[in-house]
Amino acid sequence: MKVLVTGATGKSGSVAINEMIKMGVSIRALVHSADERSDKLAAQGIEVMVGDLLNFDDISAAMKDIHSAYFCFPILTPGVLQATAYFAQAAKDAGVKAIVNMSQVSARRDAKSNAAQDHWVGERILDMTGIPTTHLRPTFFDEWFLYIREDVQKKDTIVLPFGNGRWAPIDSADLGRVVARILTNPKEYEGKTFKLYGPEEYNVPEMSEILSEVLSRKIKYDPVSIEHFTESDAEKGAHSHFIQHVTHVAQDCIDGLFAGTNDSVETITGRKPTTLAEFFAKNKALFQ
Ligand SMILES: NC(=O)c1ccc[n+]([C@@H]2O[C@H](COP(=O)([O-])OP(=O)(O)OC[C@H]3O[C@@H](n4cnc5c(N)ncnc54)[C@H](OP(=O)(O)O)[C@@H]3O)[C@@H](O)[C@H]2O)c1
């Protein structure tokens with residue numbers, strides 16, 4: 001039984017691979033670029049293939065002799081729907097038996113974010129293949145705080161456009177462990193959609209207090225407008241696709257769409273999800 005992991009050098013993909021190496025699973029990693037990250041994977045003794053999820057021939061080659069496959073496409077660049085369609089057809093052609101699909105909590109038919117709506121349509125495309133599929137819909141990752149860490153480093157401030165919105169941030173490493181568990185036991189989870197959350201829900205002022213405690217210095221929250229935040233993202237070179245996405249999920253968050261938590265991570269992995277304080281503590285050096 002061989003599993004395929006796409007997004008293999010990304011956050012959830014790389015952790016899923018590490019977990020499955022420990023389980024002795026035979027793994028093929030599809031990497032986007034040959035670099036030190038792919039070298040590290042190859043050094044762990046797994047098969048590494050370089051390819052583009054936006055190239056049907058590449059993903060078709062990667063699916064050969066695969067039992068179960070993880071689909072993960074980045075949020076920063078456009079193309080998730082095209083990549084999902086290529087992945088779906090290639091999996092069907094190769095007789096793949098199970099799929100794990102990385103979607104997001106805001107995925108819905110009437111989402112205003114193009115990426116969130118495309119994730120929802122992508123879920124339906126995978127369902128249409130008839131291949132047993134598990135959809136993962138996580139909330140915002142803890143890693144959001146790494147994207148915006150420059151303001152913490154330089155101004156002791158968290159700058160985010162989420163108003164008083166609440167969510168239970170999730171460590172993408174917990175997602176990687178969820179992916180590994182489902183890829184290796186797909187029957188238990190097939191046909192299901194999991195909303196995935198961290199252990200505790202907060203608003204950003206509460207998250208700032210947790211970060212202040214971990215860093216032993218006062219970190220403030222500057223609740224900027226969505227326009228201000230996205231203008232600054234654009235200046236830093238963010239793709240218009242990502243800016244369109246952030247504009248609408250920030251409003252979703254303010255409107256309460258991201259609220260809530262559940263025990264799915266612990267039920268699936270048998271391990272308590274990482275707390276936000278633990279995530280901040282393990283990345284403390286990056287905020288200094
Ligand atoms: N961030 C959040 O808060 C959040 C919340 C909920 C759901 N999600 C979902 O999580 C998923 C992962 O997003 P992420 O942006 O955090 O990415 P990630 O999983 O950390 O990394 C993406 C991976 O995909 C690879 N990749 C990029 N373009 C590719 C291509 N054309 N073909 C093949 N591989 C390619 C990247 O390789 P290179 O680095 O070499 O390009 C990288 O290994 C998205 O579907 C997103 O909707 C994210």
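**Exercise 1. Work out which way the residues of strand 5 point, and whether they are buried or exposed.**

Solution. Start with the two faces: Ala98, Val100 and Met102 point one way from strand 5, while Ile99 and Asn101 point the other way. In a regular strand, side chains alternate between the two faces of the sheet. Next, check the cover: all of these residues are buried, and strand 5 (residues 98-102) is thus mostly covered, with 5 of its 5 residues buried. Finally, look for a partner: strand 5 pairs with strand 4 (residues 68-71) in the parallel sense over 4 bridges, and Ser68 stands opposite Ala98. Keep in mind throughout that you are working on a predicted model.

**Exercise 2. Do the same for strand 7, and find the bridge partner of Val159.**

Solution. One side of strand 7 carries Thr157 and Val159, the other Ile158 and Leu160, and all four are buried. Now move to the pairing: strand 7 and strand 11 (residues 220-223) run parallel, joined by 4 bridges. Within strand 11, Asp222 is the bridge partner of Val159.

**Exercise 3. Describe the largest nonpolar core and the elements that supply it.**

Solution. Begin with the count: this core has 36 residues, and those with the most contacts inside it are Phe145, Ile158, Leu160, Phe162, Trp167 and Phe280. Then trace the suppliers: at least two residues each come from helix 6 (144-147), strand 7 (157-160), helix 10 (204-215), helix 11 (226-235), helix 12 (240-254) and helix 14 (276-282). Helix 10 gives the largest share, 6 residues. For a close-up, take Phe145: leaving out residues up to four places away in sequence, Phe145 touches Ile158, Leu160, Trp167, Met207, Leu276, Phe280 and Phe287. A second, separate core has 30 residues, including Ala16, Val178, Val179 and Val265.

**Exercise 4. Test the length of helix 12 against its expected span.**

Solution. Helix 12 has 15 residues, so at 1.5 Å a residue it should span 21 Å. Its end C-alpha atoms are 21 Å apart, which agrees. Now consider its surroundings: His241, Phe242, Ile243, His245, Val246, Val249, Ala250, Asp252 and Cys253 are buried. The buried residues of helix 12 pack against helix 5 (114-128), helix 6, strand 8 (166-167) and helix 11. Just after the helix, Gly256 takes a positive phi of about 95 degrees.

**Exercise 5. Explain why Thr6 counts as buried, then list its contacts.**

Solution. Thr6 is in the loop between strand 1 (2-5) and helix 1 (11-23). Its relative accessibility is 0%, so Thr6 counts as buried. Its side chain reaches the backbone nitrogen of Cys72 at 2.9 Å. Neighbours within four places in sequence aside, Thr6 is in contact with Gly13, Leu30, Leu53, Ile59, Tyr70, Phe71, Cys72 and Phe87. Cys72 itself is buried, with a relative accessible area of 17%.

**Exercise 6. Locate Thr184 and find what it touches.**

Solution. Place the residue first: Thr184 is in helix 8 (residues 172-184). Then compare sequence with space: Thr184 and Met23 are 161 residues apart in sequence, and their C-alpha atoms are 9.1 Å apart. Not counting residues up to four places away in sequence, Thr184 touches Met1, Met20, Met23 and Val25. Last, a polar atom of the Thr184 side chain lies 3.2 Å from the backbone oxygen of Arg181.

Key: Residues are numbered from 1 along each chain as its sequence is written. This is a predicted model: local features need pLDDT of at least 70, side-chain atom pairs count only at pLDDT 80 or more; totals for chains, interfaces and linings use all residues. Side-chain values use heavy atoms; hydrogens and water are left out. A nonpolar core is a set of buried Ala, Val, Leu, Ile, Met, Phe, Trp, Tyr and Cys residues joined through side-chain atoms within 4.5 Å. Buried means under 20% relative accessible area, exposed over 50%, partly exposed in between (1.4 Å probe, protein chains only). Contact means heavy atoms within 4.5 Å. The expected span of a helix is 1.5 Å times one less than its number of residues. A polar contact is a pair of N or O atoms within 3.5 Å; within protein, one must be able to donate a hydrogen and the other to accept it, and residues adjacent in sequence count only if both atoms are side-chain atoms. Two strands pair if DSSP finds at least two bridges between them.
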